[in-house]
Amino acid sequence: MRLHLLALLAKEPAHGYELKQALEQTFGSAYPSPNIGQIYVTLGRLEKDGLVRAVDVEQSNRPNKKVYYLTAEGRDVLTEWVEEPTEGPRVRDEFFMKLVLAPLTGISDRMALINRQRRHYLALMRDLNDLLERTDPRNRVATLLIEGAMLHLQADLDWLQRCQEDLI
């Protein structure tokens, strides 16, 4: 969440509730809505680390609010994050380790593991389909996020089939 907040603050200074609203508006229901307490704790840590600074803004009919600004150091950290490639495919796959090692223990056989994992992936796919149906199609960010997750799941399902063909 640290870097997400830095990215929003690079656009414009904001207080915690504005940041929460910006995340919700940008990603819609495709991304879990952050807890406002978590946002403020994260902002406090970012301020302590010198990545943002806070300014108290007086309000006439309400308590003062803290508006957060991105610092030069915060912009450098954000730039480094944006320019750094994101992790690619995982070679140390937890499920594959179970698939190879669990039969050696006698705890489970490979077909049972594959079927359990397939059911899990299919349930996740149904959830994503439901989420996609509830998502406003004009929110391209949320739609692309959900579609990306669905494509990853489909690739995992295809890989499970390949594991079944090669190992069973």
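**A tour of two pockets and a helix crossing**

The largest pocket of this predicted model has a volume of about 230 Å³. To bring it into view, select G88, P89, R90 and D93 together with H152, A155, D156 and W159, which are the residues that line the largest pocket. Colouring this selection by residue class will show a lining that divides into three nonpolar, two polar and three charged residues.

Next, turn to the second largest pocket, whose volume is about 170 Å³. Its lining can be selected as A7, L8, K11, E12, P13, A14, E18, L19, A22 and T26, and by class these residues divide into six nonpolar, one polar and three charged. Displayed as a cartoon, helices α1 and α2 (16-27) each supply at least two residues of this lining, with the largest share, four residues, coming from α2.

Keep α1 on screen and add α3 for the last stop. The axes of helix α1 (residues 2-11) and helix α3 (residues 36-48) come within 10 Å and cross at roughly 80°, and the two helices are therefore roughly perpendicular to each other. Which residues of α1 and α3 meet here? Show side chains for R2, L5, L6 and L9 in α1, and for I39, T42, L43 and L46 in α3, since these are the residues through which the helices meet. The residues of this contact divide into six nonpolar, one polar and one charged.

Methods: Residues are numbered from 1 along each chain as its sequence is written. This is a predicted model: local features need pLDDT of at least 70, side-chain atom pairs count only at pLDDT 80 or more; totals for chains, interfaces and linings use all residues. Side-chain values use heavy atoms; hydrogens and water are left out. Axes are lines fitted to C-alpha atoms, for helices over the stretch in contact, and angles run from 0 to 180 degrees between N-to-C directions. Angles under 35 degrees count as roughly parallel, over 145 as roughly antiparallel, 65 to 115 as roughly perpendicular and the rest as oblique. Contact means heavy atoms within 4.5 Å. Ala, Val, Leu, Ile, Met, Phe, Trp, Tyr, Cys and Pro count as nonpolar, Asp, Glu, Lys and Arg as charged, and the others, Gly among them, as polar. On a 1 Å grid over the protein atoms alone, a cavity is a set of points where a 1.4 Å probe fits but cannot get out, and a pocket is an open set with protein on both sides within 12 Å along at least five of seven lines; lining residues have an atom within 4 Å of a point. Grid points are joined across faces, edges and corners, and a volume is the space filled by probe spheres set on the points.
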